Amino acid sequence: MTVSLIFIPVLLVIVLNIPKVSGKTAYYFALAFFVLQLAAVFFPEFGSVQLAAIIGRFFRLNVYADGISKVMILSASIAAFVSLMTSKAFIKYDSRLFSLSNLMLLAAAGINGIVFARDIFTVYVFVEVIAAASYIMIALDKTENSLEGGFKYLMVSSVATVMMLFAVALFFLIAGGTGFEDISVAAKNFGGNTVFLLAIMLFMSGLLIKGGLVPFHAWLPGAYGAAPAGVSVFLGGIVTKTTGVFTLIRFFYSITGFNENIKTVLLITGSLSIIIGALAAITQKDFKKMLAYSSISQMGYMVLALGSGTALGVAAAVFHIFNHAVFKSLLFVNAAAVEKQTGRLDVDSFGGLGYRMPVTSAATAIAFLSTAGIPPLSGFWSKLFIILALWSAGLVGYAFLAIAASVLTMAYFLNLEKKVFFGEMSANVENVKEAPLSFTVPQIILCAVTVVSGLGFFYVVKFLIFPSAGII
């Protein structure tokens, strides 16, 4: 099943283009695949080892599904499904929907490849597959803003690409192979080697750039803000967390291990991302850009948890990846609904929109409360686990920082709620109606996941999150 989830979307893209089918057909095929992918998480054979044939002398497609793979595939399936549904409301069944459906299938192949890979060169290849698909999706509307956002992403991503490829070459030079086991052995034998440390630094920096974490975050708000509405859901929901945070988790937890220098870098990076992302979000007037800066802040929480260097910290980071995929996808769907119904995203031009769009208003409130870590919603539990991981590792100061930053999160979300959905009704929204089903259905689904996973957090943690970090 693991190999199938990599090759099926690629084969679908080939089949859909020979001959080229309608946008409607491509859309439903893509939706069907994401449903299949979601169901595959619960197949008994999902965790079995699958080894593809050796390609050339040095490269082997070595893939394996474990606990963390299940969380990532589940998160990716949810984000991709609602992203496609949202996209259809904007671009209907024209050629752009055909292109978007194919690009999302390619990106899904890349995500699955990263999640299952056990070879660092394989990880690099699939990261670039996602980057290429994401660049085209950002620029899909061919407007000045979308082309600029896509170009910035391409340029910054290219720098990360060079750094990561150079790092892979150095790992091969030292370890004699690019498999996780080869590099893990080299880390034990040559951990203090200058070349090995350089390779770690380059690879880590490339992942931080791909993830849009501070200080490499400048590209992210522009890309999120300029991308088509449905693409923003996909980017914010899963892409940057896969190419950035998840790969960091896999790299350090499964390959090189943690030392004090690595943990310090992760703790500082996570702290800066949390604070700078939150402070920048407070000043934003654009709905989507505010959510983009919020994403930087929330990814900082994941990296901060990883910086504890413990299994509990890894579990907390994985838990927050899942929750963020849900509530951030929900927030971008809500922003898309507002944009579709009003034609604008400037938060100062609204007021009283909740009276006209009650479902969107309620969904936004639920997503905001989960993001800020208000019980009993799912975001509360992952943030609590992050704080507990830091506290148990003796990082009390960072634990208090995580708590204090939640106040900033609540501040910019309350400000947005007040300006957009509450207060006196603005003349701009008097004739606005609730968003159509292509928005409200994803909103209801994501709200249900947020509430149910919060109320049933014990089962989510026991059967999904703890096994991902090897915690019984």
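**Exercise 1.** Which residues of helix 2 are buried? State also which helices they pack against, and test the helix length against its expected span.

*Solution.* The structure is a predicted model.

Step 1. The buried residues of helix 2 are G23, A26, Y27, A30, L31, F33, F34, Q37 and A40.

Step 2. Their packing partners are helix 1 (2-17), helix 3 (67-91) and helix 4 (95-116).

Step 3. Helix 2 covers residues 23-40, which is 18 residues; at 1.5 Å a residue it should span 26 Å. The C-alpha atoms at its ends are 26 Å apart, so the expected and computed values agree.

**Exercise 2.** Classify the ring pair formed by Y27 and Y28, and assign each residue to a burial class.

*Solution.* Step 1. A pair of aromatic rings is described by the distance of the centres and the angle of the planes.

Step 2. There are 20 aromatic pairs under the rule that ring centres lie within 6.5 Å. For Y27 and Y28 the centres are 5.0 Å apart and the planes stand at 70°. An angle over 60 degrees counts as edge-to-face, so this pair is edge-to-face.

Step 3. The relative accessible area of Y27 is 2%, which is under 20%, so Y27 is buried. Y28 has 41% relative accessibility, between the limits of 20% and 50%, and therefore counts as partly exposed.

**Exercise 3.** Apply the analysis to F171 and F203, and locate both residues in the chain.

*Solution.* Step 1. F171 and F203 form an edge-to-face pair, with 6.4 Å from centre to centre and 70° between the planes.

Step 2. F171 belongs to helix 6 (residues 144-175) and F203 to helix 8 (residues 194-211); the two lie 32 residues apart, and the pair links distant parts of the chain.

Step 3. F171, at 0% relative accessibility, counts as buried; F203 is buried as well, at 1%.

Step 4. Ring pairs join F171 and F203 with F196, F251, F252 and F258 in a cluster.

**Exercise 4.** Identify the residues of the largest nonpolar core that touch the most other members, and list the contacts of L291.

*Solution.* Step 1. The largest nonpolar core holds 169 residues, and F171, F203, F234, I249, L291 and L353 touch the most other members.

Step 2. Helix 13 (residues 311-342) supplies the largest share of this core, 18 residues.

Step 3. With residues up to four places away in sequence left out, L291 touches K328, L331, F332, A335, F368 and F413.

**Exercise 5.** Which residue lies over the face of F90?

*Solution.* K340 lies over that face, at 5.5 Å from the ring centre of F90.

Definitions and conventions. Residues are numbered from 1 along each chain as its sequence is written. This is a predicted model: local features need pLDDT of at least 70, side-chain atom pairs count only at pLDDT 80 or more; totals for chains, interfaces and linings use all residues. Side-chain values use heavy atoms; hydrogens and water are left out. Helices (H or I, at least four residues) and strands (E, at least two) are DSSP runs, numbered from the N terminus. The expected span of a helix is 1.5 Å times one less than its number of residues. Buried means under 20% relative accessible area, exposed over 50%, partly exposed in between (1.4 Å probe, protein chains only). Contact means heavy atoms within 4.5 Å. A nonpolar core is a set of buried Ala, Val, Leu, Ile, Met, Phe, Trp, Tyr and Cys residues joined through side-chain atoms within 4.5 Å. Rings of Phe, Tyr and Trp (its six-membered ring) pair if their centres lie within 6.5 Å; planes under 30 degrees apart count as stacked, over 60 as edge-to-face and the rest as tilted. A charge sits over a ring if NZ of Lys or CZ of Arg is within 6 Å of the ring centre and within 35 degrees of the ring normal.
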